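Grab a pencil and open the viewer: here is a short set of exercises, each with a worked solution. Try each task before you read on.

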Amino acid sequence: YSTGLISIQGDAAPAPGGGGGTGPTAADMVHNFTLSGTTSSFYTITGNLSTSQGTVLYNGLTLTQCLKLESTTAISFTTTAAATLTLVFNDTFSGTVKVDGANQTVSAGRLTMTLAAGAHQLAKGTTANLYYMSTVYAGPLATLTPQEALSIKVYPNPAADEVLVGWKSQRAFSLYTSTGSLLKTGITNQPFNLKDVKPGLYLIVIRDEEGHLQTSRLLKQ
């Protein structure tokens, strides 16, 4: 399993259907409002944040900050191929959110739907609190195909209960599922527990000292 460099300035491999142009990485297309606020290289986000609307647990994450969906809130982004959109609200929320001008029903705080390629807009349906969102292409790992070999060392690979992610210095890394969802985080050059991770193909992402995203694949047995 090779490693590679993806620049946050746009030297990543093309997204599906991109016609050879540059495109966002799977990590760019996952947005955690607790970690990133309204800053994103994939989504354009306008609205007010809040840390007083409760806590949501999702995919092993503790989400404490949300975007308030109000009349002035707007989220826009563009997909170059069919994709799956996931929105995460308060667990008890049942209402609507507008996707491309049409009301979509949210049940138990979650909405998952398919989007066609093109420009998209999210806006208020029912007043709600949005904690997390992701847009995933049918083949997200292709978006993150490495362009040149670099220095992430993953051993053993495939791995069973534990893995070591080696890097030239101690840095945080993220483990993503094959659908682009953040699963858990760890520290390089230290044993990383995989006992709670299901068998499958995963992606390890490190932001290096120059701000670029380094990636490597991990096969969990």
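The protein's secondary structure adds up to two helices and 21 strands, where helices (H or I, at least four residues) and strands (E, at least two) are DSSP runs numbered from the N terminus. You're looking at a predicted model, in which local features need pLDDT of at least 70 and side-chain atom pairs count only at pLDDT 80 or more, while totals for chains, interfaces and linings use all residues. Residues are numbered from 1 along each chain as its sequence is written, and side-chain values use heavy atoms, with hydrogens and water left out.

**Exercise 1. The overall picture**

Task: Work out what percentage of the residues count as buried, and what share of the contacts comes from residues 24 or more positions apart.

Solution:
- Step one is burial: 48% of the 221 residues count as buried. Buried means under 20% relative accessible area, exposed means over 50%, and partly exposed is in between (1.4 Å probe, protein chains only).
- Step two is contacts, meaning heavy atoms within 4.5 Å. Among contacts with a separation of 6 or more, 63% are between residues 24 or more positions apart.

**Exercise 2. The strand S10 and its partners**

Task: Find which residues of S10 are covered and which are uncovered, then find what stands opposite Val 97 in S11 and in S13.

Solution:
- Start with the faces of S10 (residues 95–99): Gly 95, Val 97 and Val 99 make up the covered one, and Thr 96 and Lys 98 the uncovered one.
- Next, the pairing, which takes at least two DSSP bridges between two strands. S10 runs antiparallel to S11 (residues 102–106) over five bridges, and antiparallel to S13 (residues 118–124) over three bridges.
- Now pick out Val 97: Gln 104 is opposite in S11, and Lys 124 is opposite in S13.
- Finish at the turn: the hairpin of S10 and S11 has two residues between the strands, and Asp 100 there has a positive phi near 55°.

**Exercise 3. Two residues, two settings**

Task: Decide whether Val 88 is buried or exposed, then do the accessibility check for Leu 219.

Solution:
- Val 88 belongs to strand S9 (residues 83–89). Val 88 has a relative accessible area of 0%, so it counts as buried.
- Look at the company Val 88 keeps: beyond neighbours within four places in sequence, its contacts include Val 56, Tyr 58, Arg 110 and Tyr 131. The C-alpha atoms of Val 88 and Met 133 are 6.2 Å apart, with their positions 45 residues apart along the chain.
- Leu 219 sits in strand S21 (residues 213–220). Its relative accessibility is 27%, so Leu 219 counts as partly exposed.
- The C-alpha atoms of Leu 219 and Tyr 202 are separated by 6.2 Å, and these residues are 17 apart along the chain.

**Exercise 4. Backbone oddities**

Task: In the loop between S15 and S16, find the peptide bond that leads into Pro 156 and the one that leads into Pro 158, then look up phi for Ala 108 and Asn 189.

Solution:
- Pro 156 is in the loop between S15 (153–155) and S16 (162–166). The bond from Tyr 155 to Pro 156 is cis, with omega near -10°.
- Pro 158 is also placed in the loop between S15 and S16, and the bond joining Asn 157 and Pro 158 is cis, with omega about 15°.
- Ala 108, in the loop between S11 and S12 (110–115), isn't a glycine but has a positive phi of about 50°. Ala 108 is partly exposed, because its relative accessibility is 45%.
- Asn 189, in the loop between S18 and S19 (191–193), isn't a glycine either, and has a positive phi of about 65°. At 37% relative accessibility, Asn 189 is partly exposed.

**Exercise 5. The largest pocket**

Task: Find how much space lies in the largest pocket, and which strand gives the most to the lining.

Solution:
- The largest pocket holds about 700 Å³ of space. Of its 26 lining residues, Ala 27, Val 30, Ser 36, Tyr 176 and Arg 207 are the closest to its centre.
- Here's the rule for a pocket: on a 1 Å grid over the protein atoms alone, it is an open set of points where a 1.4 Å probe fits, with protein on both sides within 12 Å along at least five of seven lines, and lining residues have an atom within 4 Å of a point. Grid points are joined across faces, edges and corners, and the volume is the space filled by probe spheres set on the points.
- For the lining, S17 gives the most, with four residues.
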